[in-house]
Amino acid sequence: MSQASPVPAVPAAPAEQAVQMTHRQILEALSGLLLAMFVAMLSSTVVSNALPRIVSDLHGSQTGYTWIVVATMLAMTASTPIWGKLADLFSKKLLVQTALVIYTAGSLVAAFAPSMEVLIGARVVQGLGVGGLTALVQVVIATMVSPRERGRYSGYLGATFALATVGGPLIGGVVVDSALGWRGCFFIGLPFAVIAFFLLQKTLHLPVVKRPVHIDYLGATLIVAGISTLLIWVSLAGNNFAWASTTTAVMVVGGVLILAVAVYVEAKVAIEPIIPVYLFKDRTISLATTASVMIGVAMFGSTVYLSQYFQVARGMSPTHAGLMSIAMVGGLSISSVISGRIISDSGRWKRFLVGGMVLVVIGLALLSTIDDTTSLVAVGGFMAILGIGLGATMQNLVLSVQNNVKMSDMGSASAVVAFFRSMGGSIGISALGALLSAQVADKVTSGLAAIGIDGSGTESHSVPDLATLPAPVREVFEHAFGQAFGEIFLVAVPFALVALVCVLFIKEVPLRTSNIEEQAEASPEVAAELHHAVPSK
């Protein structure tokens, strides 16, 4: 019976309801937005091929190896819904530029980091900026372009996302093998960030909404605390402490309780909640967020560990391993652009979501068959299938949600999808990494025993320098890693199947041709909630 309503008390200003821009103006603004998105995603992937050298130079452990990746994911995941809510309250251009400045500061600290601790802290700062860019770029595009036309521009966004996400390892590999070394990986994004900042200043002109602001500090704190606790548990369990242990029980119970309180605060207490709980009364949003978690596990898990597969199981250099990513980035880019254009022309999007998820399931199932002897041509083909599926799914899943909400909720709804996808990615990287370590340890121990070597002292969480190992031992490690990577993709298949089921049950609503804020254009569930929650005059 709380007096606080989950619906903003003051409707959006008319200026926000429909932003009229010509195609040329949209493309000009889009150039800065795409650069910002490229910067955001590049920071998460460019270090993947540099990790072994970073850990060696800074005398880090396998725990540090994991946290260089997870720290950014944690900060990005926890901050995404906050940025999304801020986009409903403040100048979107100023917020994007602020996120670029935060990212730049974190990158500079990371580039000159003298220790693993400083580097991991800098990666957290980078993650805060990345969380803002990930959420805000899609919100700005949704503000500029009607849902019907958004597919065309979302295709460009998906291609940029693909180029940075999967092409990052290639760029990173080349840089690591150059005179710049691993520190150069943190300088790569800086020129793009600076150019994006000034491009946005010149080309992006959106109305600033003036209305009473209620920042949900309590909800934000609880969401960050609860999610971070669970993700830290997933990251460290099986390495620093056992999965079945008192520490596990404390962290899981504590994280769940904190999130339960967060749900109560968001539903009953907060005037303008970070994650509006009433949005989940909409079937499309509920199904899309569930699918986003599952896609996050498949997408981030596959891109992170495929790079390691090529280096460890196949003995490739960082540059060569990066070149192998072209198969996936090519499929993802082409699929994203083509599906976006067809959706804009037809207004129909569900066939691409369903078809894309079917290809994701097939791609992961095929990759689950790989080992250290699989033909590289076959592996490339499997990666291309997975990439095509992801390209037709990721951005169009966001589009289905944006088409179902009011403009005043656009920031929160878009950020919710990105939030859950990032959360799935964080869980996937951590959990699949723990599984990889356990599987490799077992296979290495049994493999060494088979050739008469005692492997009981082998460090299960380390990645050996294969070039320094005797040939028989090297073959044992390559075979162990090769088989273990296949099993990781097999574990990811059920998650993709759940996402496919969710997509099948999403009701297709033809894309709207206007951004005009009308209750009739919102989904029936949201419209009903608005009618119930907002008192009549």
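**Exercise 1. The chain as a whole**

Among contacts in the chain between residues at least 6 apart in sequence, what percentage join residues at least 24 apart? Work that out, then sketch the overall make-up of the chain.

*Solution.* Before we start, keep in mind that this is a predicted model.

- Step 1: take the contacts between residues at least 6 apart in sequence; 85% of them join residues at least 24 apart.
- Step 2: look at the secondary structure. The chain has 19 helices and 0 strands.
- Step 3: check how much is covered. Of the 537 residues, 59% count as buried.
- Step 4: turn to the surface. About 20000 Å² is exposed, and carbon and sulfur atoms supply 68% of that.

**Exercise 2. Two partners of α6**

Find how helix α2 and helix α5 each run relative to helix α6.

*Solution.* Two packed helices are described by the angle between their axes and the distance between the axes. Let's collect both for each pair.

- Step 1: start with α2 (residues 23-45) and α6 (residues 116-144). Their axes come within 9 Å and cross at roughly 150°. An angle over 145 degrees counts as roughly antiparallel, so α2 is roughly antiparallel to α6.
- Step 2: get the handedness. The crossing of α2 past α6 is left-handed.
- Step 3: see who meets whom. On the α2 side you'll find, among others, Ile-26, Leu-30, Leu-33 and Met-37, while α6 brings residues including Arg-123, Val-130, Leu-133 and Val-137. Sorted by class, the residues of this contact are 15 nonpolar, 4 polar and 1 charged.
- Step 4: now α5 (residues 92-111). Its axis and that of α6 come within 8 Å, crossing at roughly 155°. The angle is again over 145 degrees, so α5 and α6 are roughly antiparallel to each other.
- Step 5: finish this pair. α5 passes α6 in a left-handed crossing, and the contact has 18 nonpolar, 6 polar and 1 charged residues.

**Exercise 3. A pair with another direction**

Are α13 and α15 roughly parallel or roughly antiparallel?

*Solution.*

- Step 1: find the numbers. Helix α13 (residues 326-346) and helix α15 (residues 376-391) pack at an angle of about 30°, with their axes 7 Å apart.
- Step 2: apply the cut-off. Angles under 35 degrees count as roughly parallel, so α13 is roughly parallel to α15.
- Step 3: note the handedness, which is right-handed for α13 passing α15.
- Step 4: list some of the residues. α13 contributes Ala-327, Met-328 and Gly-331, among others, and α15 contributes residues including Gly-380, Met-383 and Ala-384. By class, that gives 8 nonpolar, 7 polar and no charged residues.

**Exercise 4. Around the start of α11**

Is Thr-284 buried or exposed, and which residues does Thr-284 touch?

*Solution.*

- Step 1: locate Thr-284, which sits in helix α11 (residues 283-313).
- Step 2: compare its relative accessible area with the cut-off. The value is 5%, and buried means under 20%, so Thr-284 is buried.
- Step 3: list the contacts. Leaving out residues up to four places away in sequence, Thr-284 touches Ser-400, Val-401, Asn-404, Ile-506 and Lys-507.
- Step 4: follow Ser-400 and Val-401 into α16, where both are buried. In that helix (residues 394-402), 9 of the 9 residues are buried.
- Step 5: try Ser-286, also found in helix α11. At 23% relative accessibility, Ser-286 counts as partly exposed. From C-alpha to C-alpha, Ser-286 is 9.4 Å from Val-401, though the two are 115 residues apart in sequence.

**Exercise 5. Sequence distance and space**

How many residues apart in sequence are Leu-206 and Lys-93, and Gln-439 and Ala-484? Give the distance in space for each pair too.

*Solution.*

- Step 1: place Leu-206 in the loop between α8 (189-203) and α9 (217-236). Leu-206 is buried, with a relative accessible area of 17%.
- Step 2: Leu-206 and Lys-93 are 113 residues apart in sequence, and 7.3 Å separates their C-alpha atoms.
- Step 3: place Gln-439 in helix α17 (residues 410-450). Gln-439 is partly exposed, at a relative accessible area of 23%.
- Step 4: Gln-439 and Ala-484 are 45 residues apart in sequence and 5.8 Å apart in space, C-alpha to C-alpha.
- Step 5: check for contact. Setting aside neighbours within four places in sequence, Gln-439 is in contact with Ala-484 and Glu-487.

Methods:
Residues numbered from 1 in each chain as written. Predicted model: local features only at pLDDT ≥ 70, side-chain atom pairs only at ≥ 80, totals over all residues. Heavy atoms only, no water. Helix = DSSP H or I, 4+ residues; strand = E, 2+ residues; numbered from the N terminus. Buried < 20%, exposed > 50% of the residue type's maximum accessible area, 1.4 Å probe, protein only. Contact = heavy atoms within 4.5 Å. Areas by Shrake-Rupley, 256 points an atom, 1.4 Å probe, with all protein chains shown as cover. Axes fitted to C-alpha atoms, helices over the stretch in contact; angles between N-to-C directions. Parallel < 35°, antiparallel > 145°, perpendicular 65-115°, else oblique. Left-handed = near helix turned anticlockwise from the far one by under 90°. Nonpolar A, V, L, I, M, F, W, Y, C, P; charged D, E, K, R; others polar.
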